[in-house]
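Please look over the sequence and the model below before reading on. The briefing that follows goes through a few topics in turn, and it may help to find each named residue as you come to it.

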Amino acid sequence: MPTYEDPEPTKDSSGPISQSAGAIFGAMGGGQVAEMTSEAKKMVSSAESGGFMVSEDAGQPIRDSLARIQERVRATLFEIENLISAEPPLGDHPYGRQVARRQREVMVDDAGSPLEMLRELERVLADADKALEVAMKRYKDSESAASSSVAQHQV
């Protein structure tokens, strides 16, 4: 699975959206999003097939961190969706309307738009959490089966 470095802080940190979005988009390029999605789905498949197990002591702190990240992504999505619900007021002249329409397209409609990338990141985080949940359950089931087996052989 690829490793992702912490992004450099953005120069424009005027608010929560620019802080969160700058960090996210600084760390993710177009190809990296697809790779993260693919790796998260492989992780779920691996956990479901018993390819890896993890104890609750090891898995829960990771799941807690994922939950915090998911909440930040959801909050950023909400802020961006509120901002782009209407075109920005750039004047009632043809050029202002054209720039406003293009800004909305870039933020929402274009492939690789910030909104699309955040939604994909939200799915990746959900897949990673699901993989850990399954792996923790498999570990617990395996541990219970081993304990039961040992208990049966003791007289």
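In this predicted model, the buried residues of helix α3 are Gly 59, Arg 63, Leu 66, Gln 70, Val 73, Thr 76, Leu 77 and Ile 80. Helix α3 has 28 residues, and the distance from its first C-alpha to its last is 40 Å, which is close to the 40 Å expected at 1.5 Å a residue. One of the buried residues, Arg 63, also takes part in a salt bridge with Asp 129, and that pair is described below together with two others.

**The chain as a whole**
- The protein chain holds five helices and zero strands, and when it is read along the sequence it gives the pattern α-α-α-α-α.
- The chain has 155 residues, of which 30% count as buried, while about 10200 Å² of the chain is exposed, with carbon and sulfur atoms supplying 54% of that area.
- If one takes the contacts between residues at least 6 apart in sequence, 73% of them join residues at least 24 apart.

**A salt bridge between two helices**
- Side chains of opposite charge can pair when their charged atoms come close.
- The whole structure contains nine salt bridges, and one of them joins Asp 129 to Arg 63, with the closest N and O atoms 2.7 Å apart.
- Because Asp 129 lies in helix α5 (residues 114-153) and Arg 63 lies in helix α3 (residues 56-83), this pair ties together parts that are 66 residues apart in sequence.
- Are these two partners buried or exposed? Both Asp 129 and Arg 63 are buried, and for Asp 129 the relative accessible area is 17%, which falls under the 20% limit used for "buried".
- When residues up to four places away in sequence are not counted, Asp 129 touches Arg 63 and Leu 66, and both of these appear among the buried residues of helix α3.

**Salt bridges within one helix**
- In helix α5, Glu 120 and Arg 123 lie three residues apart, about one turn of the helix, and they form a salt bridge in which the closest N and O atoms are 2.6 Å apart.
- Glu 120 is buried, with a relative accessible area of 16%, whereas Arg 123 counts as partly exposed at 44% relative accessibility.
- The side chains of Glu 39 and Lys 42 also meet in a salt bridge, with a distance of 3.5 Å from N to O.
- Why are Glu 39 and Lys 42 separated by about one helical turn? They are separated in this way because they are three residues apart in helix α2 (residues 30-48).
- Glu 39 is buried at a relative accessible area of 18%, while Lys 42, at 48% relative accessibility, counts as partly exposed.

**Confidence in the prediction**
- The mean pLDDT of the protein chain is 79, and 79% of its residues reach 70 or more.
- Which elements have the lowest and the highest mean pLDDT? The lowest, 50, belongs to helix α1 (residues 16-27), and the highest, 92, belongs to helix α3.
- Over residues 1-20 the pLDDT is below 50, and this stretch has 22 contacts in the model beyond near neighbours in sequence.

Notes:
Residues numbered from 1 in each chain as written. Predicted model: local features only at pLDDT ≥ 70, side-chain atom pairs only at ≥ 80, totals over all residues. Heavy atoms only, no water. Helix = DSSP H or I, 4+ residues; strand = E, 2+ residues; numbered from the N terminus. Buried < 20%, exposed > 50% of the residue type's maximum accessible area, 1.4 Å probe, protein only. Contact = heavy atoms within 4.5 Å. Areas by Shrake-Rupley, 256 points an atom, 1.4 Å probe, with all protein chains shown as cover. Salt bridge = Lys/Arg side-chain N within 4 Å of Asp/Glu carboxyl O. pLDDT = per-residue confidence, 0-100. Expected span 1.5 Å × (residues − 1).
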